[in-house]
Amino acid sequence: MDIFTRRDFLKKAGLFGGGLVLSSSLLGAAKASYAPSDKLNVAMVGMGAQGTVLLSNLLKCEGIVFRAVCDIRMDNRRIAGVRMDSYNKNIGADKVKQYEDYKDLIATEKDIDVVFIATPDLWHSPQTIDFLEAGIHVYCEKMMSNTKEGARKMVKAMQSTGKLLQIGHQRKSNPNYIYLLNELILKRNVCGQLTCANGQWNRAVTQDLQAPKSARLTPELLAKYGYANEFEFMNWRWFSKYGGGPISDLGAHQIDIFAWVFGGRPKKVLASGGVDYYKNKELYDNVMCIYEYETFQKHTARAFYQVQTTTAAGGGYYELFMGDKGAVKFSENPKLIKAYAENKPELKETWVDYVSTGVVDKGHICTCKPVDVASGDARESPPLPEFDMPKSKMYKESLVHKPHIENFLNSVRGTDKLNCDAAHAFEAEAAVFKAVEAIKAGKTLEFTTEDFEA
C-alpha cells in the first residue's frame, strides 16, 4: 500500500482536524469588529426540537447575550424566552424580545451579531441569506436546504457578504472525532490500508408528532409560512417541500464523516429506499447506500450507510472505518467509540505500544489463536481485540453541539477558523442529494465536479 508522508499528515490534520482555512477577507472582517472579550449579541430562529438542543448548548457558553427569539409557535418562543431571560439575568442583561416573523426581528433589532437558525429545511436558505445580507453572522442547522439550489444560494450569499456561515455538521468540531482522525488514523495509521466503512443510524417506530390543542396554529398562519396543514407542519421532515427525510435528517451527519476520514469526495453511489412502513408519509423511511471513494492513501474504498426508522437494532449510531491492520469506530456516543486490531502476530507489539503510550486504553491484547474447527467454520476469523480510548483524552460532556457552537462564536471574534463553513458543507451534502437521485433512478450514479461546486 502507499504510505502517506508526514507532509500529507500535516496537510490533512490542518484541514480536517484544526479547522477549515477561510479567506483573509472573512477573517479580517471578524477581527476588525470584535475583541475576544466582547459579548456577542445572539438571536435564535426556530425553537422546535433542534432549536431547543442548540439553546441548551448555548446556555453553557460564555461571552454572549440573548437579544431576540423567533418562532411561529407562541409556546415555543415563550418557553425559550424564559430560559434566555434566566441566563441574561445572571449577567445583568435585559430580557429578550420575542418575534413571530424573522423579518420583523431583522427590521427591529439592529445590534444582533450572530443568529442561530433551526427552522425546517425549506426556510434555511431564505432566512440565512436575509440575515447575512443584514450584516449578521449565521449558524444554520443542516441540511442547508431542502433543495440543492437553495444550498447553492447560501454559499454565494456567504461569499458576497463576507459574513461567516457555519453549518451544523457538529461532528467536525467534536474533540473525540478529531482525536480519532488525527491520532489513530493519520498519525498512527492503525487501520493500515483503509478498505471500507460502515455507518448507521437506526431508530425505533415513532408516533406522528402533534402539538397540544392550545398550541395549534390557525390555517391562515400555517399558509402564511408555507405549510399545507398542521400535520405536515409538525411532521415536516417527511415531506420533500419542507425537508429531505431520514437520509437527510440523520444520514447527512454520517455521510459527511465518510469523506472527512477518507479525505476525498465520493465517486459513485448506489442507493435503495422506499416508503415501506409509514404509509402517510412521502419520503423514504428506510434507505441503504453504497458510496465509492478514492482515499487519501490513493486506494479505492467503499462505504455502506443505512438509516432505518422501524427498528432500534444494530448497535447505536456510528461510523466504522476498517483496514487491513485494524478498525476505528467513531460515534457521538462515547461508549461506542472503539479501536480494533486485526489478529496478526506481527501487530501484537504495536498495539501493546499503543496501550503503554496512552494512545488507546487497555484492551484484550491479540492472542491470535486459530478457530476451533470442531465448533465453527474453519474459515471464520477469530474476534478482534478491542480497545477503548483513554478517558483523559475524551470529551466527556453530553452537549455534543457545544464545541461546534464555540468554534463559530470564536471565529466571529476572530480567534478561530470555522470547522464547517457553507462551501465545505455544500460538498458534504451533495452526497446526500445524489443518494436521493440514485434511489429515484434505480441505478448507480457517478458524481461530477459540478455536483460539489456551488
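Reader: Which residue in β11 is the bridge partner of Gln200?
Author: This is a predicted model. In it, strand β7 (residues 194-200) is paired with strand β11 (residues 318-323) in the antiparallel sense, over six bridges. The bridge partner of Gln200 in β11 is Tyr318.

Reader: In what order do the strands of the nine-stranded open sheet stand?
Author: The pairing in this open sheet of nine strands is mixed. Its edge strands are β14 (386-387) and β15 (445-446), each of which pairs on one side only. The order is β14-β13-β12-β11-β7-β10-β9-β8-β15.

Reader: Which strands does helix α12 touch as it packs on the sheet?
Author: Helix α8 (residues 175-187) lies across β7, β11, β12 (326-330) and β13 (338-341), and runs at about 165° to β12. Helix α12 (residues 251-262) also packs on the sheet, and its direction makes about 165° with that of β10. The strands touched by α12 are β7, β9 (286-294), β10 (300-308), β11 and β12.

Reader: Which residue takes a positive phi in the hairpin of β9 and β10?
Author: β9 and β10 are antiparallel and are joined over nine bridges, with Tyr293 opposite Ala301 in β10. Five residues lie between the two strands of the hairpin. The residue with a positive phi, near 70°, is Lys298.

Reader: Which residue in β9 does Lys268 stand opposite?
Author: Strand β8 (residues 266-274) pairs with β9 over eight bridges, in the antiparallel sense. Opposite Lys268, in β9, stands Glu292.

Reader: Is Gln306 buried or exposed?
Author: Gln306 belongs to strand β10. Leaving out residues up to four places away in sequence, Gln306 touches Gly199, Gln200, Trp201, Asn202, Val287 and Met288. The relative accessible area of Gln306 is 13%, and buried means under 20%, so Gln306 counts as buried.

Reader: Why is one side of β3 and of β6 left without a neighbour in the sheet?
Author: Six strands form an open sheet with parallel pairing, in the order β3-β2-β1-β4-β5-β6. β3 (97-99) and β6 (165-167) stand at its edges, so one side of each has no neighbour in the sheet. Neighbouring strands here are turned against each other by 20° on average, direction ignored. As for the cause asked about, β3 and β6 each have a single partner strand.

Reader: Which residues of β1 are buried on its two faces?
Author: In a regular strand the side chains alternate between the two faces of the sheet. Strand β1 (residues 40-45) is mostly covered, with six of its six residues buried. One side holds Leu40, Val42 and Met44, and the other holds Asn41, Ala43 and Val45.

Reader: Which residue in β2 stands opposite Val42?
Author: β1 and strand β2 (residues 64-70) run parallel and are joined by six bridges. The residue in β2 opposite Val42 is Phe66.

Reader: Which residue in β6 does Val138 stand opposite?
Author: Strand β5 (residues 137-140) pairs with β6 in the parallel sense, over three bridges. Opposite Val138, in β6, is Leu165.

Reader: What is the relative accessible area of Cys140?
Author: Cys140 lies in strand β5. Neighbours within four places in sequence aside, Cys140 is in contact with Ile117, His124, Thr128, Met154, Leu165, Gln166, Ile167 and Gly168. Of these contacts, His124 is 16 residues away in sequence and 7.0 Å away in space, C-alpha to C-alpha. Cys140 is buried, and its relative accessible area is 0%.

Reader: Which residues make the contact of α3 with α14?
Author: Helix α3 (residues 49-58) packs against helix α14 (residues 402-413) at an angle of about 70°, with the axes 9 Å apart. Angles of 65 to 115 degrees count as roughly perpendicular, so α3 is roughly perpendicular to α14. By class, the contact has four nonpolar, one polar and one charged residues. They are Leu54, Asn57 and Leu58 of α3, and Lys402, Ile405 and Leu409 of α14.

Reader: What share of the 454 residues in the protein is buried?
Author: The secondary structure comes to 15 helices and 15 strands. Among contacts between residues at least 6 apart in sequence, 72% join residues at least 24 apart. The accessible surface comes to about 20000 Å², and 51% of it belongs to carbon and sulfur atoms. Of the 454 residues, the buried share is 55%.

Key
Residues are numbered from 1 along each chain as its sequence is written. This is a predicted model: local features need pLDDT of at least 70, side-chain atom pairs count only at pLDDT 80 or more; totals for chains, interfaces and linings use all residues. Side-chain values use heavy atoms; hydrogens and water are left out. Two strands pair if DSSP finds at least two bridges between them. Helices (H or I, at least four residues) and strands (E, at least two) are DSSP runs, numbered from the N terminus. Axes are lines fitted to C-alpha atoms, for helices over the stretch in contact, and angles run from 0 to 180 degrees between N-to-C directions. Angles under 35 degrees count as roughly parallel, over 145 as roughly antiparallel, 65 to 115 as roughly perpendicular and the rest as oblique. Contact means heavy atoms within 4.5 Å. Ala, Val, Leu, Ile, Met, Phe, Trp, Tyr, Cys and Pro count as nonpolar, Asp, Glu, Lys and Arg as charged, and the others, Gly among them, as polar. Buried means under 20% relative accessible area, exposed over 50%, partly exposed in between (1.4 Å probe, protein chains only). Accessible areas come from the Shrake-Rupley method with a 1.4 Å probe; for residues, only the protein chains shown count as cover.
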